[in-house]
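Reader: Got a minute to go through this model with me? I'd like to start with the sheet and then hop around.

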Amino acid sequence: MRRWQGLDEVPADWGRSVVTVGVFDGVHRGHARIVRAAAGRARERGLRSVVVTFEPHPDEVVRPGGHPPLLTGARRRAELLEELGADAVLVLPFTADLAGEAADDFVRRVLVDGLHAEHVIVGADFRFGHRARGDVALLTELGDKYDFTAEGMPLVAETDARTDAETETITSTRVRAELDAGDVEAAARALGRPHRVEGVVVRGHQRGRALGFPTANLETPPHTAVPKDGVYAGWLVADTERFPDFRWPAAISIGTNPTFDGVERTVEAYALDRDDLDLYGEHMAVDFLARIRDTLRFDSIEALIEEMHRDVARARDLTAAES
């Protein structure tokens, strides 16, 4: 798959294509439906599909300081889009100039002159252009003007297993709310996979090792969507030269370590039954399966260790059942 950072990287001889546009934070099931549809339309027409996305998140520019927690970083987002069948991903730098660009100008510059769109497919709630005044209807009108067709896909909603009725629409905002509540299982249903938090393993206070549970302390990028404080079952994941295709059951702790009067919020993962891993400096990730308990303050180290043993046993049962 091709990845372009800005329109300047699009090859001059790039032919006509099927394009979809959006932030696609999280690449949840609703996003996946649109991207798969774009890839399918491209195959039917003998073309290639392009996903246009933005970096940083538009809210950071439109509402400075209001950056939402990110469900996926740029690299992870591109990987997921590739898995869905996209032939290329174009990341547009989201600037004040782009935010103020008229809808017609955006369409002509990006979709027509840049990507030679033959067909554009977006979500039914798609908005674009200055003050988000453009919608699917305007996109269709501009398609008539610039010789492409446009399609707005219905949004995806959860289905109640008991009644088969559709419930709340799947959105990135909804997934963030579920993570804020610690409901990683609901977030996974909306995403179509476990929520992942990535980071570089750094040295912490090494309390876990002293207690018999050595953890990988992840330094996460700014604005990462980290679930509510608590203990979770999941997996420690990597795909590096030293740890290719590494995925190990883990107990994951998020919080400030109140038993030790900590103040810094950390994301730490104990790879079950592994005390032989030297992970410092490695880029790792944790995938969240289920919440085990809230973060607690213990009256003694002994009580903490007893609870950690129970956490590990619960994480082992949950990950084994999922496997």
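**Sheet, cores and odd spots**

Author: Sure: Gly123 has Met153 as its bridge partner in S6. Keep in mind that this is a predicted model, where local features need pLDDT of at least 70, side-chain atom pairs count only at pLDDT 80 or more, and totals for chains, interfaces and linings use all residues. Residues are numbered from 1 along each chain as its sequence is written, and side-chain values use heavy atoms, with hydrogens and water left out.

Reader: In what sense do S5 and S6 pair, and over how many bridges?

Author: Parallel, over five bridges, with S5 covering residues 117-123. Pairing here needs at least two DSSP bridges between two strands. The strands and helices themselves are DSSP runs, numbered from the N terminus: E with at least two residues for strands, H or I with at least four for helices.

Reader: And what's the strand order in the open sheet of six?

Author: S1-S4-S3-S2-S5-S6, with parallel pairing. S1 (2-5) and S6 (149-153) are the edge strands; each has a single partner strand, so one side of each has no neighbour in the sheet. From one strand to the next, the twist averages 20 degrees.

Reader: Which strands does H1 lie across?

Author: Helix H1 (residues 29-45) lies across S2 (17-21), S3 (48-55), S5 and S6, and runs at about 160 degrees to S5. For those angles, axes are lines fitted to C-alpha atoms, for helices over the stretch in contact, and the range is 0 to 180 degrees between N-to-C directions.

Reader: OK, cores. Which residues of the largest one touch the most other members?

Author: Val19, Val50, Leu90, Val107, Leu111, Leu115 and Leu139, out of 32 residues in that core. A nonpolar core is a set of buried Ala, Val, Leu, Ile, Met, Phe, Trp, Tyr and Cys residues joined through side-chain atoms within 4.5 Å. Buried is under 20% relative accessible area, exposed is over 50%, and partly exposed is in between (1.4 Å probe, protein chains only).

Reader: Which element gives the largest share?

Author: H5, with six residues.

Reader: What does Leu139 touch?

Author: Leaving out neighbours within four places in sequence, Leu139 is in contact (heavy atoms within 4.5 Å) with Val107, Leu111, Val120, Val122, Phe126, Phe128, Phe148 and Ala150. Another core lies apart from that one: it has 31 residues, including Leu71, Ala216, Leu218 and Val226.

Reader: Switching to aromatics: how many pairs are there?

Author: Seven aromatic pairs. Rings of Phe, Tyr and Trp (its six-membered ring) pair if their centres lie within 6.5 Å; planes under 30 degrees apart count as stacked, over 60 as edge-to-face and the rest as tilted. Phe243 and Phe246 are edge-to-face, at 5.6 Å centre to centre with 70 degrees between the planes. Phe246 and Trp248 are stacked, because their planes are at 15 degrees, with the ring centres 6.4 Å apart.

Reader: Are those three rings buried or exposed?

Author: Phe243 is buried at 12% relative accessible area, and Phe246 is buried too, at 10%. Trp248 is partly exposed at 29%. Elsewhere, Phe106, Phe126 and Phe128 form one aromatic cluster.

Reader: What about backbone oddities? Which peptide bond is cis?

Author: The one from Glu55 to Pro56, with omega near 0 degrees. Pro56 is in the loop between S3 and helix H2 (58-62). Most residues other than glycine have a negative phi, and most peptide bonds are trans. His116 has a positive phi of about 50 degrees and is not a glycine; His116 lies in the loop between H5 and S5 and is partly exposed at 27%. Asp245 also has a positive phi, about 55 degrees, and sits in the loop between S11 (230-238) and S12 (246-255). With 69% relative accessibility, Asp245 is exposed.

Reader: How many residues of H8 are buried?

Author: Six of the eight in helix H8 (residues 184-191), among them Val184 and Leu191. Just after H8, Gly192 has a positive phi of about 85 degrees.

Reader: Last one: what does the side chain of Thr266 pair with?

Author: Glu268, through a polar contact of 3.1 Å between the side chains. A polar contact is a pair of N or O atoms within 3.5 Å; within protein, one must be able to donate a hydrogen and the other to accept it, and residues adjacent in sequence count only if both atoms are side-chain atoms. Thr266 lies in strand S13 (residues 266-271) and is buried at 11% relative accessibility.
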